[in-house]
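I sat down with this one to see how the fold is put together. My notes follow, in the order I looked things up.

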Amino acid sequence: MLKCIGIDPGLGRLGFASISREGHLFRPLSFGCIETFPSDPVPDRLHMIYEKLGEQIVCCSPDFMSVEKLFFGRNITTAEYVWQARGVVLLLAAEHGLPVLEPKPSQIKLAVCGNGKAPKEQVQKMVQRMLNLDSIPRPDDAADAIAAAITGFFLYSQEKKIIDRGGRHASIPFR
């Protein structure tokens, strides 16, 4: 059994999802959202993310992490805060010795729906089906984190095949 923790980064709301895979079956271990208060100082909000996400990593002991790559158009202020939260996530991965995969939003949509331009609602419905859940995971950030984790499994398998064939110089340490 292989386990991945998927992350949808954000400062106000950070989605996380620990998913296991046995063969072609995905199973949710834990998913949700870490919410911080806009009225709190940014360092305190980042610390809360560090603490809460660290607890999730310890609890689920994933084999690797999949963190959605960010794309921002014009809102530089929002981007700055999200990048700071993403830095905390990457720090936690390093502290726990987790290899990190970073799928782009289009890769996530392609892996989950078969269409790199799929609407958010379609991704959420496919996540529900793939994990055999009674309803679409809420909030949206949790569903996005599940999709990032599922994509992480596909990317992890690709990377492993490349390394096993003598490609890339062990860019991901496999156990």
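**Starting in the sheet: β4**

I began with β4, and found both of its faces covered: F64 and S66 are buried on one side, M65 and V67 on the other. A reminder to myself that this is a predicted model. I also jotted down the general rule that side chains in a regular strand alternate between the two faces of the sheet.

Next I asked what β4 pairs with. One partner is strand β5 (residues 100-101), which runs parallel to β4 and is joined to it by two bridges. I looked up the residues involved: M65 stands opposite V100, and S66 has L101 as its bridge partner. The other pairing I noted is with β1, again in the parallel sense, over four bridges. There I7 of β1 has V67 as its bridge partner in β4.

**On to β1**

How many residues of β1 (residues 2-8) are buried? I get seven of its seven. Both faces are covered, with L2, C4, G6 and D8 buried on one side and K3, I5 and I7 on the other. I made a note of K3 and D8 here, since both appear in that buried list.

β1 also pairs with strand β2 (residues 13-22), this time in the antiparallel sense, over seven bridges. The two strands form a hairpin with four residues between them. On the β2 side, G15 is the residue that D8 stands opposite.

**The whole sheet**

With those pairings written down, I looked at the strand order. It is an open sheet of five strands, β3-β2-β1-β4-β5, and the pairing is mixed. The edge strands are β3 and β5, each of which pairs on one side only.

**Along helix α1**

I then turned to α1 (42-60). Does its length come out long or short against the expected value? Neither: 19 residues at 1.5 Å a residue should span 27 Å, and the end C-alpha atoms are 27 Å apart, so the two agree.

Which residues of α1 are buried? I listed R45, L46, I49, L53, G54, Q56, I57 and C60. They cover an arc of only 165° around the axis, so they sit on the same side of α1. The general reason such a pattern can arise is that an α-helix has 3.6 residues a turn, so residues three or four places apart point the same way. On the face turned away from the buried side I found the exposed residues P43, V58 and C59. Just after the helix, S61 takes a positive phi of about 35°.

**A stop at T36**

Where is T36? I found it in the loop between β3 (25-35) and α1. Is T36 buried or exposed? Its relative accessibility is 7%, and the cut-off for buried is under 20%, so T36 counts as buried.

Its side chain has two polar partners in my notes. One is the backbone oxygen of L11, which the T36 side chain reaches at 2.6 Å. The other is the side chain of R45, in a polar contact at 2.8 Å. R45 is also among the buried residues of α1. Leaving out residues up to four places away in sequence, T36 touches L11, G12, R45, M48 and I49.

**A look at α3**

Helix α3 (residues 105-113) has I108, V112 and C113 buried. Seen down the axis, these buried residues fall within an arc of 95°, so they line one face of the helix. Just after α3 comes G114, with a positive phi of about 80°.

**Stepping back**

To finish, I pulled the totals. The protein has five helices and five strands, and from the N terminus on its elements run β-β-β-α-β-α-β-α-α-α. Of its 175 residues, 45% count as buried. Among contacts between residues at least 6 apart in sequence, 60% join residues at least 24 apart. The accessible surface comes to about 9,300 Å², and 53% of that belongs to carbon and sulfur atoms.

Notes:
Residues numbered from 1 in each chain as written. Predicted model: local features only at pLDDT ≥ 70, side-chain atom pairs only at ≥ 80, totals over all residues. Heavy atoms only, no water. Buried < 20%, exposed > 50% of the residue type's maximum accessible area, 1.4 Å probe, protein only. Polar contact = N/O pair within 3.5 Å; in protein donor to acceptor, adjacent residues only side chain to side chain. Contact = heavy atoms within 4.5 Å. Arc of directions from axis to C-beta. Expected span 1.5 Å × (residues − 1). Pairing = 2+ DSSP bridges. Areas by Shrake-Rupley, 256 points an atom, 1.4 Å probe, with all protein chains shown as cover.
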